[in-house]
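Here are my notes on the model you sent over. I've kept them as numbered points, so you can follow along with the structure open.

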Amino acid sequence: MSRDSGPETGGFKYIWRIENFSKCVLEEGESLTSPKFVVADMQNTAWYLSLYPRHMAGRKEYVECYLFRDTVDGGPRSMSISYSVSFVKTKDRDNTELFQMEFIHGQFGSTFVKYHRKEIFDNRSLFLPKDTLIIECHLQKDTIFKMAKVECTATTRITVERIHFTWTIKNFLCNSVGLPENYERVIHPVTKARNPPSITIKLRFHDTDRDAIKVICQNIKTDLYLLLSS
């Protein structure tokens, strides 16, 4: 693999926006895949980006993104290109280098973009404007004729569903011997999800501080907002 100078005025640019990124619940090894794109000036080869919000393997504190060539496209089996993948920041934008690599069908690039999750979420105004992660990919190929400048954009929206329910607990503070109770309720929410989970909500008094209440939510990856009223 060799390095070229930064992206030129020509070539193919692909911009992928991922909305509601902070709500992504994918685990280590699980990925989000961008819509595929075909580059006409590169013999109709097809490509896509694959984003691992918690790393491909072994280091789940990192977010990383790879360029993949599709398993089937209109191009030759092997193609050498120059490319870059970067996270777009709203300030101090990176001057990204192009890396040269030979891709066969189904192969992903050995050069990729990676950031620590803490750096991203501690600098939301830079990395996540309006909770949107923006990834930019540049592709170029050495040809006799200069590649035309082409830009393509795509958006993936992570859907967010909110569920509201009311749980009324009678005789809340005391049981028959005057001691605080622990409470548990299993909820079967009405949801648009294909495989809706049952949600177990547990309301307990703290083990050491009986004036404190602890809420446990099981079987769902969610933000829980609790409103207590009498």
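1. First, how far to trust this one. Keep in mind that this is a predicted model. The pLDDT averages 79 over the chain, and 67% of the residues score at least 70. Residues 1–7 sit below 50 on that scale. That stretch still has 25 contacts in the model beyond its near neighbours in sequence, but I'd read those contacts with the low pLDDT in mind.

2. On to the cysteines. How many disulfides does a search of the whole structure find? Zero. Take Cys65, which is in no disulfide: the nearest cysteine sulfur belongs to Cys137 and is 8.0 Å away. Turn it around and Cys137 gives a matching story, with the sulfur of Cys65 as the nearest one at 8.0 Å. A disulfide here needs the two sulfur atoms within 2.5 Å, so a pair at that distance doesn't qualify.

3. Are those two cysteines buried or exposed? Cys65 has 0% relative accessibility and therefore counts as buried. Cys137 is buried too, because its relative accessible area is 0%.

4. Now have a look at strand E7, residues 78–87. Eight of its ten residues are buried, so the strand is largely enclosed by the rest of the structure.

5. Which strands does E7 pair with? One is E8 (residues 98–104), which runs antiparallel to E7 and is joined to it by six bridges. To find that pairing on screen, start from Met79, whose bridge partner in E8 is Phe103. Another is E10 (residues 132–140), again antiparallel and again over six bridges. Here Ser84 is a handy marker: its bridge partner in E10 is His138.

6. E7 also turns up in the nonpolar interior. The largest nonpolar core holds 37 residues, and Leu51, Leu67, Phe87, Ile135 and Leu139 have the most contacts inside it. Which element gives the most to this core? That is E7, with five residues.

7. Last, a charged side chain to check. Arg69 is in strand E6, which covers residues 62–69. Buried or exposed? Arg69 counts as buried, because its relative accessibility is 0%. What does its side chain make a polar contact with? The partner is the side chain of Asp73, at 2.9 Å.

Notes: Residues are numbered from 1 along each chain as its sequence is written. This is a predicted model: local features need pLDDT of at least 70, side-chain atom pairs count only at pLDDT 80 or more; totals for chains, interfaces and linings use all residues. Side-chain values use heavy atoms; hydrogens and water are left out. Buried means under 20% relative accessible area, exposed over 50%, partly exposed in between (1.4 Å probe, protein chains only). Helices (H or I, at least four residues) and strands (E, at least two) are DSSP runs, numbered from the N terminus. Two strands pair if DSSP finds at least two bridges between them. A nonpolar core is a set of buried Ala, Val, Leu, Ile, Met, Phe, Trp, Tyr and Cys residues joined through side-chain atoms within 4.5 Å. A polar contact is a pair of N or O atoms within 3.5 Å; within protein, one must be able to donate a hydrogen and the other to accept it, and residues adjacent in sequence count only if both atoms are side-chain atoms. pLDDT is the predictor's confidence in each residue, from 0 to 100. Contact means heavy atoms within 4.5 Å.
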